Amino acid sequence: MSRPGRDFDPRRWDESDVRARPSKKGSRPRTKDRPTHGEAVVGRVVTVDRGRYTVHIGDEDGTRDITAMRAKELRRNPVVTGDLVGVVGDLSGREGSLARIVRIEDRSTVLRRSADDSDAYERVVVANVDILVIMVAAANPEPRTGFIDRALVAAYDAGIEPILCITKTDLRDPADLLSHYRHLDLEVLTSGAAEPARTGDAESAKMDGTDGPDGDADLDAGLLATLRTRLEGHISVLVGPSGVGKSTLLNALAGTRRATGHVNAVTGRGRHTSSSALAIPLPDSSGTDGTDGTDGSWLVDTPGIRSFGLGLVDRDRVVEAFEDLAPALADCPRGCLHAAGEPGCALDAWVAAGHAGASGPERLASLRRLLDGRSDAAAGER
């Protein structure tokens, strides 16, 4: 019998013959000192598409959009439109080039929502904006005060200034809608019909995405001029249901060709034409792009949002967003749920005394609908 290993020939072995047993704890970095990436260029994420991020950067070579992926160490940190990020690697922006996002800068604001009022999972709409333009139509599609109230709550909770923009006022007088928010310190802009920017027949109007009363209506010049001045120097975001004119407004202000849609004649709802949030730099007062990668004026277009869940917002924060009702909180007992029939709730007496104006009862009913939908979430918090 030959001894074990006597026929062993080391020349016939290589590293592929070695079988390493995997560690149960997984692979560990060789050092705890991670790179600081001090040379990373800071840019703004303008859109996200299936794990690829378009980042707008500016350096000595000018401004440009680059494509980037998220570094492995950031795999648990979501990157959203509006984020300021540090990027390294191929920053040329050439076709086929790919940079790497290695750092997410601190966010100044986060506009977030949940799927419904009982859902505690955060869905970030956009980051680092300071103005929220809530767009609704006076008609076609019908305006919903519940959606407006929810968007206002989300804006106040995030520390973002809201502006209510009402389009298609030529189809219906928005007086009733405006009366609902008369007692709020809320900036309201309205827009009626306007002639298409280019003269021609109906076919040229269709090429521009304008379908008259049934479509994403043209916006009048007065509104466009006001918004250009109002949004200059700010990072702004448009939210609202499909068919109210968000993409039309973005095209008019930024000179883009974002697709526009129409309103379904049967359901009365708009058709989704934007599938992802997109940030566009706005020209400054001189007509040039005033951004250098992070600063300047930006406008973010979002897909049509039909629900704005508030499962992440505390109950008292929801009430505080109703400025005409919030003063009554001082007289509510500790732990008050502010529901109808709640013992000691001061909201009913506040509204009955006329402190919330003529629309006070409707505003209180809207508030309580929001709070009633949070019953499951509130039970989980307590």
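Here are legends for a few close-up views of this predicted model.

**View 1. Strand β13, covered on both faces.** This one zooms in on residues 298-301, the stretch that makes up β13. On one side sit Trp298 and Val300, and both are buried. Flip to the other side and you find Leu299 and Asp301, which are buried as well. So note that the charged Asp301 counts as buried here, at under 20% relative accessible area.

**View 2. β13 and its parallel partner, β11.** Strand β11 covers residues 235-239 and runs parallel to β13. The two are joined by 4 bridges. To get your bearings, look for Leu238, whose bridge partner in β13 is Asp301. That's the Asp301 from the buried set in View 1.

**View 3. β13 and its antiparallel partner, β12.** Here β13 pairs with β12, residues 278-281, and the two strands run antiparallel. Again, 4 bridges hold the pairing on paper. A handy landmark is Pro281, which has Trp298 as its bridge partner in β13.

**View 4. The second largest cavity.** The structure holds 3 cavities of 30 Å³ or more, and this view shows the second largest, with about 60 Å³ of space. Its lining takes in Arg112, Arg113, Ser114, Ala154 and Asp157, along with Gly309, Leu310, Gly311, Leu312 and Val313. Two elements give two or more residues to that lining: β6 (110-113) and α1 (145-158).

**View 5. What kind of residues line that cavity.** The lining of the second largest cavity is a mix: 4 nonpolar, 3 polar and 3 charged residues. Among the lining residues to pick out are Arg112, Arg113 and Asp157, which count as charged.

Methods:
Residues are numbered from 1 along each chain as its sequence is written. This is a predicted model: local features need pLDDT of at least 70, side-chain atom pairs count only at pLDDT 80 or more; totals for chains, interfaces and linings use all residues. Side-chain values use heavy atoms; hydrogens and water are left out. Buried means under 20% relative accessible area, exposed over 50%, partly exposed in between (1.4 Å probe, protein chains only). Two strands pair if DSSP finds at least two bridges between them. On a 1 Å grid over the protein atoms alone, a cavity is a set of points where a 1.4 Å probe fits but cannot get out, and a pocket is an open set with protein on both sides within 12 Å along at least five of seven lines; lining residues have an atom within 4 Å of a point. Grid points are joined across faces, edges and corners, and a volume is the space filled by probe spheres set on the points.
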